[in-house]
Amino acid sequence: MYNEGQIKEIGKKIKILRAVHQIRQQELARKLGISQTHLSNIEHGRVTVGLVILLRLANILHCTFNDFFTLEDESQKMLDYWDSSPGMRELKQFLDSRELAEREEQKAVIKGRADC
């Protein structure tokens, strides 16, 4: 049986698949035609993801549509490994810091345009 809590898990699966394919959040958002902020919100379960975006993700990440709903055990194993491995923890911190820096850079560019 399905429940609404599983919807938030889809975002985690998207983040894992993105990391496996070594695609930066900004790059994936561009390919999807959405903002990086929206993709971040999807990955963190703050917003739900539409079927069209899931379809695009499946094509970009070379997975099946069903994978977003059935990877639970594998996703949890990957998350556990990610969280427990010192090297992976450092990589995650680095990737998170790069994404934050890119968002701040984008804000500065947008602010600079608004000041003109």
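Q: What makes up the protein chain in terms of helices and strands?
A: The protein chain has seven helices and zero strands. Helices here are DSSP runs of H or I with at least four residues, strands are runs of E with at least two, and both are numbered from the N terminus. Along the sequence, the pattern reads α-α-α-α-α-α-α.

Q: What kind of model is this, and how are residues numbered?
A: This is a predicted model, where local features need pLDDT of at least 70, side-chain atom pairs count only at pLDDT 80 or more, and totals for chains, interfaces and linings use all residues. Residues are numbered from 1 along each chain as its sequence is written, and side-chain values use heavy atoms, with hydrogens and water left out.

Q: Why is E43 called buried?
A: Buried means under 20% relative accessible area (exposed is over 50%, partly exposed in between, with a 1.4 Å probe and protein chains only). E43 has 3% relative accessibility, so E43 counts as buried. E43 is found in helix 3.

Q: Why does E102 count as buried?
A: The relative accessibility of E102 is 9%, and therefore E102 counts as buried. E102 sits in helix 7 (residues 86-115). Across the protein chain, buried residues make up 30% of the 116 residues.

Q: What makes the pairing of E43 with Q25 a polar contact?
A: A polar contact is a pair of N or O atoms within 3.5 Å; within protein, one must be able to donate a hydrogen and the other to accept it, and residues adjacent in sequence count only if both atoms are side-chain atoms. The side chains of E43 and Q25 make such a contact at 2.9 Å. E102 has a polar contact too, of 3.0 Å, between its side chain and that of R24.

Q: Which residues does E102 touch, leaving aside neighbours within four places in sequence?
A: They are R24, Q26 and Q36, where contact means heavy atoms within 4.5 Å. E43, not counting residues up to four places away in sequence, touches G11, K12, I14, K15, R18 and Q25.

Q: How do helix 1 and helix 3 pack?
A: Helix 1 (residues 5-20) and helix 3 (residues 36-43) meet at an angle of about 115°, with axes 7 Å apart. Axes are lines fitted to C-alpha atoms, for helices over the stretch in contact, and angles run from 0 to 180 degrees between N-to-C directions. Helix 1 contributes G11, K12, I14, K15 and R18, while helix 3 contributes L39, I42 and E43.
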